Amino acid sequence: MYDYLKGQVTRITPEYIVIEQQGIGWRLFTPNPFAFQKTANEQQVFLHMHVREDAQFLYGFTSLDQRELFRKLIQVSGIGPKGALAILATGNPVQVIQAIEMEDESFLVKFPGVGKKTARQMILDLKGKLGALLDNVELPSAEKELPLFGVNPYKHELEEALLALTALGYAERELAKIQPQLEADETLMTTDAYMKQALQLLLKLK
């Protein structure tokens, strides 16, 4: 029904963004709301509408490939929209697609709500069907391990990131394990940066 929306992002929360178009504010649930910025510039967001008996939800994505992977994921038994958002929040679809193609269940079960049964179902349903997406996504640049320094002053941004991760389904005990490392990393200055680094640390926990 809807393909994309162009407008100004007027609100960013740990769960969703609000994008205004012609005086109407659209609430869009996204994998990482802090990947967006509140600016005067118009932004394009690709949409997916999810209809339930009791509600309708709009989901927003930064690219077509991100949206298509979301649509593939929610077709898997045991994965709902919230679970798919948590998987996409890493911002690295290559990792997810490669894990499915290589049948790496141990990687897939690191995401909230994904147990061994669901991981196996993801592999059965999606293996061999995501090649086009893998060809189109931009491979992330190699990231070096960042050194840890003193206390990072960006407490508010860290708190926002932790709230967003909680909204995605990560447990407080998991976040508590990585919080000291995030607090000590002086290279992190934005909520989006905290989110991305936290998700990479979470994927290394188990």
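# A chat about a predicted model

Visitor: Over residues 106–125, how much of the chain is helix and how much is strand?

Guide: In this predicted model, the chain over residues 106–125 is 65% helix and 0% strand, and the C-alpha atoms at the two ends of that stretch are 17 Å apart.

Visitor: Which UniProt annotation covers those residues?

Guide: According to the UniProt record, which is an unreviewed entry, residues 106–125 carry the annotation "domain: Helix-hairpin-helix DNA-binding motif class", and the record places residues 71–90 under that annotation as well. Over residues 71–90 the chain is 55% helix and 0% strand, with its end C-alpha atoms 17 Å apart.

Visitor: Okay, zooming out, how many helices and strands does the protein have?

Guide: The secondary structure comes to 9 helices and 5 strands, and if you read along the sequence you meet them in the pattern β-β-β-β-β-α-α-α-α-α-α-α-α-α.

Visitor: And what share of the residues count as buried?

Guide: The protein has 206 residues, and 43% of them count as buried. As for the outside, the accessible surface comes to about 11400 Å², and 50% of that area belongs to carbon and sulfur atoms.

Visitor: What about contacts, how much do residues 24 or more positions apart account for?

Guide: If you take the contacts in the protein with a separation of 6 or more, residues 24 or more positions apart account for 60% of them.

Visitor: Let's pick one helix. Which residues are buried in α1?

Guide: Helix α1 runs over residues 64–73, and its buried residues are Gln66, Arg67, Leu69, Phe70 and Leu73. When you look down the axis of α1, these buried residues fall within an arc of 160°, so they line one face of the helix.

Visitor: Why do residues three or four places apart point the same way in an α-helix?

Guide: An α-helix has 3.6 residues a turn, so residues that are three or four places apart point the same way.

Visitor: What sits just before that helix, in the loop between β5 and α1?

Guide: Ser63 lies in that loop, and at 27% relative accessibility Ser63 counts as partly exposed. Its C-alpha atom is separated by 7.4 Å from that of Val45, although the two residues are 18 residues apart along the chain.

Visitor: New topic, the second largest pocket: how much space lies in it?

Guide: About 230 Å³ of space lies in the second largest pocket. It is lined by 15 residues, and the closest to its centre are Glu15, Phe29, Tyr59, Lys82 and Leu85. The elements that give two or more residues to this lining are β5 (56–61), α2 (81–88) and α7 (155–168), and the largest share, 3 residues, comes from α2.

Visitor: Now α3. Is Val96 buried or exposed?

Guide: Val96, which has its place in helix α3, counts as buried because its relative accessibility is 1%, and buried means under 20%. Leaving aside its neighbours within four places in sequence, Val96 is in contact with Ile87, Phe107, Leu108 and Phe111. The C-alpha atoms of Val96 and Leu108, which are 12 residues apart along the chain, are separated by 7.4 Å.

Visitor: And Gln95, what is its relative accessible area?

Guide: Gln95 also has its place in helix α3, but with a relative accessible area of 23% Gln95 is partly exposed. Leaving aside neighbours within four places in sequence, Gln95 is in contact with Phe107, Gln200 and Leu203. The C-alpha atoms of Gln95 and Phe107 are separated by 9.0 Å.

Visitor: One last thing, what is phi at Gln22?

Guide: Gln22 has a positive phi of about 55° although it is not a glycine. Most residues other than glycine have a negative phi. Gln22 has its place in the loop between β2 (16–21) and β3 (24–29), where it counts as exposed at 79% relative accessibility.

Visitor: What about phi of Glu103?

Guide: Phi of Glu103 is near 55°, again a positive value in a residue other than glycine. Glu103 is placed in the loop between α3 (93–101) and α4 (105–108), and at 35% relative accessibility Glu103 counts as partly exposed.

Technical notes:
Residues are numbered from 1 along each chain as its sequence is written. This is a predicted model: local features need pLDDT of at least 70, side-chain atom pairs count only at pLDDT 80 or more; totals for chains, interfaces and linings use all residues. Side-chain values use heavy atoms; hydrogens and water are left out. UniProt positions are given in the numbering used here, feature names are shortened, and annotations may be inferred rather than shown by experiment. Helices (H or I, at least four residues) and strands (E, at least two) are DSSP runs, numbered from the N terminus. Buried means under 20% relative accessible area, exposed over 50%, partly exposed in between (1.4 Å probe, protein chains only). The arc is that of the directions from the helix axis to the C-beta atoms. Contact means heavy atoms within 4.5 Å. Accessible areas come from the Shrake-Rupley method with a 1.4 Å probe; for residues, only the protein chains shown count as cover. On a 1 Å grid over the protein atoms alone, a cavity is a set of points where a 1.4 Å probe fits but cannot get out, and a pocket is an open set with protein on both sides within 12 Å along at least five of seven lines; lining residues have an atom within 4 Å of a point. Grid points are joined across faces, edges and corners, and a volume is the space filled by probe spheres set on the points.
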